[in-house]
Amino acid sequence: MTGTGQLSTGVALAFLGAAGWLAGSGWHTGVRRARLMFLSHRGVGGAAGSGPLTVRRVTDGLRRVRGRLRPEWWSLVAGLLVAVPGDSVLPVVAGAAGVPVLRRARLARGARRAREHRMDAVIALCGTLAGEVRAGRQPGEALLCAAHDSGGLGDAQATVLAAARFGGDVPGALAGAAGQPGAEGLRGLAACWRVAVDQGAGLAAGLDRLEGALCAERDQRRDLRAQLAGARATAVMLAGLPVLGLLLGVALGSDPLRVLLHTGAGLGCLLVGGVLEGLGVWWVTRIVRGAEAVS
């Protein structure tokens, strides 16, 4: 392999690593450092004050571009960076195929975070509502105050508040709101409300027990997630092994991109390796999701 081929391959892999870094939290850190550096040297290369303004405009523009460019599109960018030195369209095709997969993973991660946030809000709603009832408020008035403070009712908050304000079916509205992911605890709140209204039982005591049960379930989920961190790290390591192999090939003086993209044996290895890589990541992810579903 010629020195030019090694250099181009190394530059492409370096750009690939930079693209992954920019997709993470390092982007904001780099922008912040660049801004501070230029602000500290604002008197060099122009009139005072013009340098910081220009740097601020550039960094704000880059931040807007990154906000519009979803993280999954970095897969296509990485494919383009590998396709140029590899002189092949296959990396571009692979990068484009990875966009919907990464988008699905991003949406699933966002849904999980929304579910956890809603679960915390329901727990806060139960605690606040119990405090308002103990303070002497009527259940309907206490629910109005607690809902505004905690936001645990989510998208169905208007329906539940209308039922509480005008004497409607509050347990039914709470049961309907419990259909949102993470808001299943509202079914327990509806049961406590129904028992307190129909049989005159203490609403605050029932809410305390419900809050304790929901907190225990949340803590159990968090403990399970911590125990599954090793499996997730294994999946990430499996996903990064091919890039490490390419870097090792360049360090040893070979041309891994030419072998993989322009020879029959390399294409076969690339196909088999890609299938095995996908199966490995899928299997680890399946194990993690199965463990989370059981809990």
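Here is a short walk through the charged pairs, cysteines and aromatic rings of this structure, which is a predicted model.

**Stop 1: helix 10 meets helix 5**

Start by selecting R218 and D120. These two form a salt bridge, and their closest N and O atoms are 3.2 Å apart. Now colour the helices: R218 sits in helix 10 (residues 203-227) and D120 in helix 5 (residues 90-134), so this contact ties together parts that are 98 residues apart in sequence. Switch on a surface and check each partner. Is R218 buried or exposed? R218 has a relative accessible area of 19%, so it is buried. D120, at 28% relative accessibility, counts as partly exposed.

**Stop 2: the neighbours of R218**

Keep R218 selected and add D219. Their side chains also meet in a salt bridge, this one at 4.0 Å from N to O. D219 is partly exposed, with a relative accessible area of 42%. Next, add R222 to the selection, and you have a network of salt bridges linking D120, R218, D219 and R222.

**Stop 3: a second link between the helices**

Select D208 and R134. What do their side chains form? They meet in a salt bridge, with 1.9 Å from N to O. D208 is in helix 10 and R134 in helix 5, so to speak another link between distant parts of the chain, 74 residues apart. On the surface view, D208 comes out as partly exposed at 30% relative accessibility, while R134 counts as exposed at 52%. If you want to keep hunting, the structure has 11 salt bridges by the rule used here.

**Stop 4: the cysteines**

Now pick out C126, C192 and C215. How many disulfides are there? The count is zero. A disulfide is a covalent bond between the sulfur atoms of two cysteines, and the cut-off used for the sulfur pair is 2.5 Å. For C126, the closest cysteine sulfur is in C192, 7.6 Å away, which is too far for a bond. Turn to C215 and its closest cysteine sulfur belongs to C126, at 8.8 Å, again too far for a bond. While you have C126 on screen, look at the surface again: with 0% relative accessibility, C126 counts as buried.

**Stop 5: two tryptophans**

Last, select W282 and W283. The structure holds one aromatic pair. Its ring centres, in W282 and W283, are 6.0 Å apart and the planes stand at 50 degrees, so the pair is tilted. W283 is partly exposed, with a relative accessible area of 44%.

Notes. Residues are numbered from 1 along each chain as its sequence is written. This is a predicted model: local features need pLDDT of at least 70, side-chain atom pairs count only at pLDDT 80 or more; totals for chains, interfaces and linings use all residues. Side-chain values use heavy atoms; hydrogens and water are left out. Rings of Phe, Tyr and Trp (its six-membered ring) pair if their centres lie within 6.5 Å; planes under 30 degrees apart count as stacked, over 60 as edge-to-face and the rest as tilted. Buried means under 20% relative accessible area, exposed over 50%, partly exposed in between (1.4 Å probe, protein chains only). Helices (H or I, at least four residues) and strands (E, at least two) are DSSP runs, numbered from the N terminus.
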